[in-house]
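Let's take a walk through this one, beginning with a pair of helices and working outwards from there. Have the model open alongside.

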Amino acid sequence: SSRSKEPAPRASSSAASAAAAASSGAGDERDSSPSSPADSSAHSEGGTFDLRPRPLSTAHETCENDEEGEFGSSWSPCSSWSEVGWDPGMSHTELVDGVHSLMLRLLTDAIGREYASGDRWEVLKVQLREFVDRVSTLYRPDPKFHNWGHACHVVQAAEFLARGAVAREEEERERQEDLAERDVDDRRQDEEDQQQEPRRVRIPPTSDPWLPFVAAFCALIHDARHLGVTNKHLETQHHLLSQMYDRGSCQERRSLHVGLGVFAEEFPELSGEVLSCCPSFVRLVRSAVLATDISSPDVQRWCREKFDRALRSASEAQAAAAAGGSGAGGDADAGAGLGLGEQPSHRAAEEERARTEATLEHILLLADVGHGSQGYEQFLRWNRAFYRECAENHAAGRGDGKDPRDGWYQGQIGFLEHYIGPLAERCEHLMPRNGPGSIELRGGVDEILRRWRAEGKEWTDRMIEELAPCQSDEAASQLSN
């Protein structure tokens, strides 16, 4: 570590308040000393995948904000959703370097490149690198799915989706300028075309430059300290975590508490800068991380309802604009809460806040299961990892009593059809009409479903046979203990 050996300064009052807010009602858990970073094979299973994906978005380029390359390799932004991912041959340190380079680019964009210089900026760069490294130690080496490698994949996916959501601002501005130059008949025809294609209704874009950084931050910490078992199992066993975080989503609440606590207490300059520039940071992080409890029907229903309200509001605004004969005015007013127009009313500000939360929550939700729409090989890679985690839990008596071998093939069809597919379709409302992610999201799910129906049963049988020794070893280890 390049951090000074001198005692670290105390966290700023705003950062300390953020940590307190994050853990409000969550108990007084104190984070234990970090475990040593496990080697890469413990996280990514090394070369045990029978279908290793091609190297994805791992170009070792020099980040333009890291000209000396002192932080190692850099990840270039992915140009399409199917490119999101990392090469399973990458080491733990390479993953830390890659995530840091991605988040440094987002932090630079959020703060403003004109301010990304000087001694204070150098401190922020170093603290960001050390923060990413520190968070990597919060992920346990044992879980085969909920581990550091999964977090890295979710960071990449969240960054891609957030970048697409922000890119909509420029697309929308161009559309408004184009509409303003048209005559009345052309405007009416444009509105009619949109009404005939419901999926073209988009939630008003966000111009907030902090959205991509916040999304990546949430993805980075969202499974920190995850035990690799379900919340339901912890509740059934009356585990300490389920009692400390007794309002549900106990592991998500713990990840939020630990991640924001480390950020505020150990990296005061970085957290203080972020909180001063983005006052809504803690609220946005809290709502997005808690949304990733996909096993909770109540949490998921609330997320869908919030998203649907935002979409309905956008549709009504477009209809009102069309009725008024001015497509530009309605959308411009919808974006006012982010500085695109006059100071918004209290109601408009509340609608903007709910819209931003709904956008961020859905970005995290899809990023968390992004492998279900990013190509068949990527799906198989993470499907295998999740099956192994479930199988080892079952063998060790840590599951819900159901053997994952029973119905695994059919279960994936249900998950793709009823969860990932509708989620991807909702997220298309956030993406540009003619840019990254505009058509890939739902189409990617459909393509995986097509191949899984044709090839998945045979692949599942082969995987179960190959991983049977792992289950036996886990069961034997449990008996010996």
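**Two helices crossing**

In this predicted model, start with helix α7 (residues 211-221) and helix α15 (residues 346-368): their axes come within 10 Å and cross at roughly 45 degrees. With 65 degrees as the lower limit for roughly perpendicular and 35 degrees as the upper one for roughly parallel, that angle makes α7 oblique to α15. The crossing itself is right-handed. On the α7 side, Leu211, Val214, Ala215, Cys218 and Ala219 make the contact, and they meet Thr359, Leu360, Ile363 and Leu364 of α15.

Now for the nonpolar interior. The largest nonpolar core has 105 residues, and Ile363 turns up again among those with the most contacts inside it, along with Met103, Phe131, Trp148, Leu220, Phe281 and Val285. Helix α5 (residues 148-181) supplies the largest share of this core, 11 residues. Pick Leu220 and look beyond its neighbours within four places in sequence: Leu220 touches Val99, Met103, Phe131, Val132, Val135, Tyr139, Trp148, Ala151 and Val155. Another core, of 5 residues, lies apart from the big one and includes Leu234, Leu241, Tyr245 and Cys250.

How far can you trust all this? The chain has a mean pLDDT of 78, with 67% of its residues at 70 or more. Confidence peaks in helix α10 (residues 250-266), at a mean of 98, and bottoms out in helix α2 (residues 40-44), at 37. Residues 25-72 have pLDDT below 50, yet the model gives this stretch 119 contacts beyond near neighbours in sequence. Residues 326-343 also stay under 50, with 30 contacts beyond four places in sequence. Where pLDDT is low, don't read the predicted coordinates in detail.

Terms used. Residues numbered from 1 in each chain as written. Predicted model: local features only at pLDDT ≥ 70, side-chain atom pairs only at ≥ 80, totals over all residues. Heavy atoms only, no water. Core = buried A, V, L, I, M, F, W, Y, C linked by side-chain atoms within 4.5 Å. Buried < 20%, exposed > 50% of the residue type's maximum accessible area, 1.4 Å probe, protein only. Helix = DSSP H or I, 4+ residues; strand = E, 2+ residues; numbered from the N terminus. Contact = heavy atoms within 4.5 Å. pLDDT = per-residue confidence, 0-100. Axes fitted to C-alpha atoms, helices over the stretch in contact; angles between N-to-C directions. Parallel < 35°, antiparallel > 145°, perpendicular 65-115°, else oblique. Left-handed = near helix turned anticlockwise from the far one by under 90°.
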